[in-house]
Amino acid sequence: MNKKRIAVIGMGYVGIPAAVLLADAGHNVVGIQRRSQRSGWKIDWLNQGRCPVGGNEPELPEILQRVVREGRFMATDDYSVLRDVDVVLIDVQTPTDEAHAPIYESLEEASHHVGKYLRKGSLVIVESTVAPGTTEHVVKPILEQESGLRTGLPDGFGLCFSYERVMVGRLIHNVREYPKIVGAVDDESRNMAIELYRSIVRAQVCGTDIMTAEVAKTVENAYRDVQIAFANEVALLCESLGTDVHEVRKLVNGLPNDPSAPHANPVRNMHFPGAGVGGHCLPKDTWLLMHGYDRYAESKHAYPMSVLTGARYLNDWMPIHMVDLLETALGEAGVRIRGSRICVLGYAFLENCDDSRNTPTAPLLQELRRRGATYVIHDPFIKEDEGHQIEPDIDRALNDCHAVVLMTKHQEYRSVTPERLNGLLRSRVVIDGRNMFDPKEFLDHGFIFKGIGKGNINKIKVCSRETIQSGVLSPRS
Ligand code: SAJ
């Protein structure tokens with residue numbers, strides 16, 4: 001495979017693993033990063049061989065050190081290095097705003113810089129997740145206008161969209177082991193990109209067109225979001241019908257998976273209902289998909305699209321439902337939510353990690369404030385975020401609270417037992433947003449217990465003779 005000179009724009013979760021793996025495969029790679037307030041420090045860290053990505057990322061720090069030491073990777077904020085490269089990867093962030101519309105400021109800025117230095121025969125690959133139609137209607141016009149070249153090899157420049165599938169904690173693994181999809185404007189661009197990725201991807205690398213690749217990326221996450229919303233809606237039904245959604249899920253998923261008979265394959269894979277859906281992907285990719293439909297669809301359907309967006313609204317409502325469960329439970333304990341003090345366990349959007357992007361805990365806190373409650377947040381991995389002080393000591397967080405609301409299934413919370421809570425809480429109220437606790441254990445100790453999808457709580461046999469009806473502890477001496 002011939003070695004290429006490659007520039008990767010955007011030194012984040014997507015750009016850094018791609019850049020270091022390409023350098024480790026023998027290419028000459030430069031990482032371009034704006035010297036912004038938030039991320040400019042990464043340039044110096046990277047050039048010192050220090051990994052700017054927090055948390056445990058197997059192999060990433062070692063590969064980064066090696067390629068910097070061997071002079072095959074360096075980082076800069078100087079876009080003029082684009083003058084000498086064969087391939088440019090655009091890996092900048094593409095968030096969505098309050099109205100769920102994509103914010104393309106970084107993508108457009110990068111495209112202008114790339115266009116200025118673009119040469120005949122070079123290749124541009126957009127790896128950032130975008131609304132379908134964006135590469136064609138946003139990136140391509142900027143590149144052509146700035147460079148004066150036409151899209152298409154060999155006379156102009158090559159253009160591809162090839163999405164990433166990284167996940168925090170598995171950045172190197174996912175780049176190497178997950179199939180890579182390459183959407184391209186023409187065959188030559190596709191072949192050039194496939195050859196490049198084959199130097200770092202061990203799984204299949206397959207080609208398609210740009211629109212198909214853009215749709216596939218956003219659908220991949222919209223699919224998971226809808227699956228989670230399905231589980232959440234079934235959980236709400238179970239709460240009302242008086243049954244346990246996790247028992248229902250076990251029975252439903254018990255259908256055999258018989259790939260040998262696809263047409264008759266009854267397989268089911270009901271996901272886990274919970275206190276909400278956070279992260280960098282699922283909360284925004286459905287909106288990118290629908291934005292593509294709204295802006296770039298060649299034709300629209302009379303039937304109003306509602307399944308994917310309905311799933312988004314339901315998943316975003318789950319933290320509010322957690323506060324509904326809390327208010328009901330407090331009422332049973334004779335406590336009004338207004339003026340109550342709540343211990344919120346878990347700020348990260350996903351268990352056992354320090355990633356708080358789009359965390360469902362944020363809307364939960366907002367709803368608690370709206371209903372007049374105060375709160376203490378605990379998280380074992382996060383110290384501070386968006387102005388929220390986060391209590392590192394769990395007993396201090398629990399002390400003197402009227403209730404516990406579990407939002408993230410961190411391993412540490414296995415140590416939250418009725419005995420431990422009895423000595424700390426003012427009233428025995430537990431709301432379980434992630435099916436972490438055994439309701440019976442808490443009910444046996446006189447707690448008022450609610451959980452997402454736990455409609456069978458009142459039917460659980462409580463074995464202790466004496467149960468404190470109100471769930472309110474006598475004032476501690
Ligand atoms: N969640 C549920 N129920 C579930 C699964 C997840 O409520 O059954 C919640 C989680 O608590 C979290 C959110 O959804 O708040 C997202 O969880 P996630 O496991 O999907 O974590 P992500 O956002 O890191 O998902 C990424 C995505 N990968 C890419 O975008 C490339 C996602 O498409 C993958 O399916 C996921 O990793 C994975 O399974 O690897």
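This briefing covers salt bridges, helix geometry and two single residues. The model is predicted. Its salt bridges come to 30. Three of the pairs below link parts of the chain that lie far apart in sequence: Lys180 and Glu127 are 53 residues apart, Glu164 and Lys217 are 53 residues apart, and Lys454 and Asp244 are 210 residues apart.

**Salt bridge Lys180–Glu127**

- Lys180 pairs with Glu127 in a salt bridge, and their closest N and O atoms are 3.2 Å apart.
- Lys180 sits in strand 7 (residues 180–184), while Glu127 sits in the loop between strand 5 (123–126) and helix 5 (134–147), so the bridge ties together parts that are 53 residues apart in sequence.
- Both ends are out of the way: Lys180 is buried, and Glu127 is buried too.

**Salt bridge Glu164–Lys217**

- Glu164 and Lys217 form a salt bridge, with 3.9 Å between the closest N and O atoms.
- Glu164 belongs to the loop between strand 6 (158–161) and helix 6 (171–177), and Lys217 to helix 8 (residues 210–241), so this pair also ties together parts 53 residues apart in sequence.
- Glu164 counts as buried because its relative accessibility is 13%, below the 20% cut-off.
- Lys217 has 3% relative accessibility, so Lys217 counts as buried.

**Salt bridge Lys454–Asp244**

- The Lys454 and Asp244 side chains meet in a salt bridge, 3.3 Å from N to O.
- Lys454 lies in the segment after strand 15 (448–451). Asp244 lies in the loop between helix 8 and helix 9 (245–252).
- Lys454 and Asp244 are both buried.

**A salt-bridge network**

- Asp324, Glu327, Glu367, Arg370 and Arg371 belong to one network, joined by salt bridges that share partners.

**Helix 8**

- Helix 8 contains 32 residues. From first C-alpha to last, helix 8 reaches 46 Å, close to the 46 Å expected at 1.5 Å a residue.
- At the start of helix 8, a side-chain oxygen of Asp209 comes within 3.1 Å of the backbone nitrogen of Met211.
- Just after helix 8, Gly242 has a positive phi of about 80°.
- Lys217, the salt-bridge partner of Glu164, is part of helix 8.

**Helix 4 against helix 5**

- Helix 4 (residues 105–117) packs with helix 5 at an angle of about 35°. Their axes are 7 Å apart.
- The crossing of helix 4 and helix 5 is right-handed.
- On the helix 4 side, the contact is made by Leu107, Glu108, Ser111, His112, Val114, Gly115 and Lys116.
- On the helix 5 side, the contact is made by Thr134, Val138, Val139, Ile142, Leu143, Gln145, Glu146 and Ser147.

**Thr374**

- Thr374 is in strand 10 (residues 374–378).
- With 45% relative accessibility, Thr374 counts as partly exposed, because that class runs between the 20% and 50% cut-offs.
- Setting aside residues up to four places away in sequence, Thr374 touches Ser340, Arg341 and Ile342.
- Ala25 is 349 residues from Thr374 in sequence, and the two are 53 Å apart in space, C-alpha to C-alpha.

**Ser39**

- Ser39 lies in the loop between strand 2 (28–32) and helix 2 (41–47).
- The relative accessible area of Ser39 is 8%, so Ser39 is buried.
- Neighbours within four places in sequence aside, Ser39 is in contact with Gln33 and Arg34.

Notes: Residues are numbered from 1 along each chain as its sequence is written. This is a predicted model: local features need pLDDT of at least 70, side-chain atom pairs count only at pLDDT 80 or more; totals for chains, interfaces and linings use all residues. Side-chain values use heavy atoms; hydrogens and water are left out. Helices (H or I, at least four residues) and strands (E, at least two) are DSSP runs, numbered from the N terminus. Buried means under 20% relative accessible area, exposed over 50%, partly exposed in between (1.4 Å probe, protein chains only). Contact means heavy atoms within 4.5 Å. A salt bridge is a side-chain nitrogen of Lys or Arg within 4 Å of a carboxyl oxygen of Asp or Glu. The expected span of a helix is 1.5 Å times one less than its number of residues. A polar contact is a pair of N or O atoms within 3.5 Å; within protein, one must be able to donate a hydrogen and the other to accept it, and residues adjacent in sequence count only if both atoms are side-chain atoms. Axes are lines fitted to C-alpha atoms, for helices over the stretch in contact, and angles run from 0 to 180 degrees between N-to-C directions. A crossing is left-handed if the near helix is turned anticlockwise from the far one by less than a right angle, and right-handed if clockwise.
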